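Colleague: I should like to understand the reasoning behind several of the labels attached to this model. Could we go through them in turn?

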Amino acid sequence: MSGPRDAHGGLRLFGHPATAAMIPHLVLRELGVPFDWVHVDRDRDAHKAPDYLKLNPNGLIPVLIDARGPEEIVLYETAAIVWHLADAFPEVGLAPAVGTAARAHAYKWVAWLSATLQPTLLAYFYPDRWVDSGNASGVDQVRRHAEAKVGPMLDQLDAHLAAHRAPWMLGEAFSIVDPYAFTLCRWTRGFAHPARARPALGAYLGRMLDRPAMRRVLADEGIEPPFV
């Protein structure tokens, strides 16, 4: 799982395909900076192995190690990782300037995506975590309620994109909010009414798929159609 400390400029992203690790993976590709992708084989519980738990005691993916400076930084929590990357490479412009209205909205959207939409999606995909073992009816109920709650959240994203009539979540400028929104919307592709079925969101997801960084990430992670 581990690799050379400075193999690619001192940045290492630990992740598993099609998980939340896709968010910082896409940010790194958009930044165009060198980094190592370290595959954590979640299918074999590598994220629960002792070496990985030293990086993230929660046993969750992703983790970023930034060893470019005198002090190695080990970060977990996807929102923290993407903010760190945006601020570490300000010249690329993936986050608005501090103190601006756009920055405030970026904080809002990253917080909302990570703390409101993502946990509800996780309840849909892992309903067994919320009921007693063997409670099949409870699992079904949690999943149905989670999908029902996600619907209005996707409507909120769709309405936002439709209202401001700009290509990206913050307007004309692509930002760290967009990899977050894309990845979570992608997770709904198996829903009865997925993100792509909403007009503004569907067009937005198409624009995301047209980006070279997005195509590179899909190839890197071995993700096959349907993408959204």
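The exchange below takes up accessibility, backbone geometry and the largest pocket.

Modeller: Please bear in mind throughout that this is a predicted model.

Colleague: Why is Lys149 counted as exposed?

Modeller: The relative accessibility of Lys149 is 53%. Exposed means over 50%, so Lys149 counts as exposed. Lys149 belongs to helix α5, which covers residues 136-164.

Colleague: Why is Asp45 called partly exposed?

Modeller: Its relative accessible area is 48%. Buried requires a value under 20% and exposed a value over 50%; Asp45 therefore falls in between and is called partly exposed. Asp45 is located in the loop between β2 (36-39) and α2.

Colleague: What makes Ala18 partly exposed?

Modeller: Ala18 has a relative accessible area of 29%. The limits for partly exposed are again 20% and 50%, so Ala18 receives that label. Ala18 sits in the loop between β1 (11-15) and α1 (22-31).

Colleague: What is notable about the phi of Ala18?

Modeller: Ala18 is not a glycine, yet its phi is positive, at about 70°. Asp45, also not a glycine, has a positive phi of about 60°. Most residues other than glycine have a negative phi.

Colleague: Which peptide bond involving Ile61 is called cis, and what is its omega?

Modeller: The bond that joins Ile61 and Pro62 is cis, with an omega of about 10°. Pro62 is placed in the loop between α2 (50-55) and β3 (63-66). A cis bond also runs from Pro225 to Pro226, where omega is near 0°. Pro226 lies in the segment after α8 (212-220). Most peptide bonds are trans.

Colleague: What is the volume of the largest pocket, and which residues are closest to its centre?

Modeller: The volume is about 680 Å³. The lining comprises 27 residues, and Ala20, Ile61, Gln118, Leu122 and Trp187 are the closest to the centre. Ile61 is thus one of these central residues and also takes part in the cis bond to Pro62.

Colleague: Which element gives the most to that lining?

Modeller: Helix α4 gives the most, with five residues. The elements that give two or more are α3 (78-88), α4 (101-125) and α6 (177-186).

Colleague: How do the residues of the lining divide by type?

Modeller: There are 14 nonpolar, eight polar and five charged residues in the lining of the largest pocket. Ile61 and Trp187 are among those closest to the centre, and Ile and Trp count as nonpolar.

Conventions:
Residues are numbered from 1 along each chain as its sequence is written. This is a predicted model: local features need pLDDT of at least 70, side-chain atom pairs count only at pLDDT 80 or more; totals for chains, interfaces and linings use all residues. Side-chain values use heavy atoms; hydrogens and water are left out. Helices (H or I, at least four residues) and strands (E, at least two) are DSSP runs, numbered from the N terminus. Buried means under 20% relative accessible area, exposed over 50%, partly exposed in between (1.4 Å probe, protein chains only). On a 1 Å grid over the protein atoms alone, a cavity is a set of points where a 1.4 Å probe fits but cannot get out, and a pocket is an open set with protein on both sides within 12 Å along at least five of seven lines; lining residues have an atom within 4 Å of a point. Grid points are joined across faces, edges and corners, and a volume is the space filled by probe spheres set on the points.
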